[in-house]
Amino acid sequence: MRAIFGLTLGALFAMQAACAQDVRTQSFSQQETYCPLKAQPEVCSSIEIGRLEVVGLPWLTALLDEALLWDGSDARRNRQLRQAELRDETVVDGDEAYTVLMTRSAKMVGQSDDFAAFELHHYYYAQGAAHGVPTTYHAVFDLKQRRAVSLQDILLSPQAKAKLDALQKQAFQRYLQGEDDDSRQDQKVWESTLPFAATDNWTLSKGGLLFTFQPYEVGPYAMGSPELYIPTDKLRGIIRPEYLKAAESWRAVETD
């Protein structure tokens, strides 16, 4: 009986060790251009897709591809889709063309034994615009259940959402205190037209949760993409214990 029990424990420890292994990724990039004017072949719109293959986890690779609007199984179809996208975004007016520059990419940012987190970066610039618009979206995946995890999934109760929103607002006020005087003045003007609203764009981070806002979402473009960090000691009674545990054991992924 001792021997059988020992083998059972050994197998269990081996399974736990396997689950604790770091997730590995490989990156791939593909660029497509669309040049609508034969007389001006240098005038082109372009899009670059930075895919991420998660080694040994095809289901996760497929979900990331889906978020990037990529059909991972058919290179020809992907090229057709990108060309159609560029044609739709490019404005042709007689002998002039107004082009666009777009990028979409994914990168892994961290993991615990049971969860992995990724960032999805989008960038869009239309010719003639004052500037491009970058956006960052978080994606957290449950490695055991093989699914994406929403903010609603991690809350202990429906009432917890209001408490979490209040913590975000407090964190935003602290964020503004770190801004310079001009930025704070701009924010006062901004708040008169668009009051602060909490975001569902979240991710696990070391010792807490991180929330990211897009440009123009809670402030002027010059503010960029504010990030609000809320530590686990403020989240007890709000989010589920397994996510508190994951945050405490979180391992960041170093990228270039």
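This text walks through the aromatic pairs, a strand pair and the disulfide of the structure above.

The model is predicted, so local features need pLDDT of at least 70, side-chain atom pairs count only at pLDDT 80 or more, and totals for chains, interfaces and linings use all residues. Residues are numbered from 1 along each chain as its sequence is written, and side-chain values use heavy atoms, with hydrogens and water left out.

Start with the aromatic rings. A pair of aromatic rings is described by the distance of the centres and the angle of the planes. Rings of Phe, Tyr and Trp (its six-membered ring) pair if their centres lie within 6.5 Å; planes under 30 degrees apart count as stacked, over 60 as edge-to-face and the rest as tilted. The structure holds seven such pairs. In one of them, the ring centres of Phe172 and Phe196 lie 5.0 Å apart with planes at 20 degrees, so this pair is stacked. Phe172 sits in helix H5 (residues 160-177). Phe196 lies in the loop between helix H6 (181-193) and strand E9 (202-205). The two are 24 residues apart, so the pair links distant parts of the chain. Helices (H or I, at least four residues) and strands (E, at least two) are DSSP runs, numbered from the N terminus.

Phe196 also pairs with Phe213. This pair is tilted, at 5.6 Å centre to centre and 55 degrees between the planes. Phe213 lies in the loop between strand E10 (208-212) and strand E11 (227-231), 17 residues from Phe196. Ring pairs link Phe172, Tyr175, Phe196 and Phe213 into a cluster.

How accessible are these rings? Buried means under 20% relative accessible area, exposed over 50%, and partly exposed in between (1.4 Å probe, protein chains only). Phe172 and Phe196 are both buried. Phe213 has 0% relative accessibility and therefore counts as buried.

Next come the strands on either side of the Phe213 loop. E10 and E11 run antiparallel and are joined by five bridges. Two strands pair if DSSP finds at least two bridges between them. Gly208 has Pro231 in E11 as its bridge partner. In a regular strand the side chains alternate between the two faces of the sheet. E11 shows this alternation. Leu228 and Ile230 point to one face and are buried. Glu227, Tyr229 and Pro231 point to the other face and are not buried.

Last is the disulfide. The structure holds one (a pair of cysteine sulfur atoms within 2.5 Å). Cys35 is joined to Cys44, S to S 1.9 Å. The link is right-handed, with 100 degrees about the S-S bond. Cys35 counts as partly exposed because its relative accessibility is 33%. Cys44, at 25%, is partly exposed.
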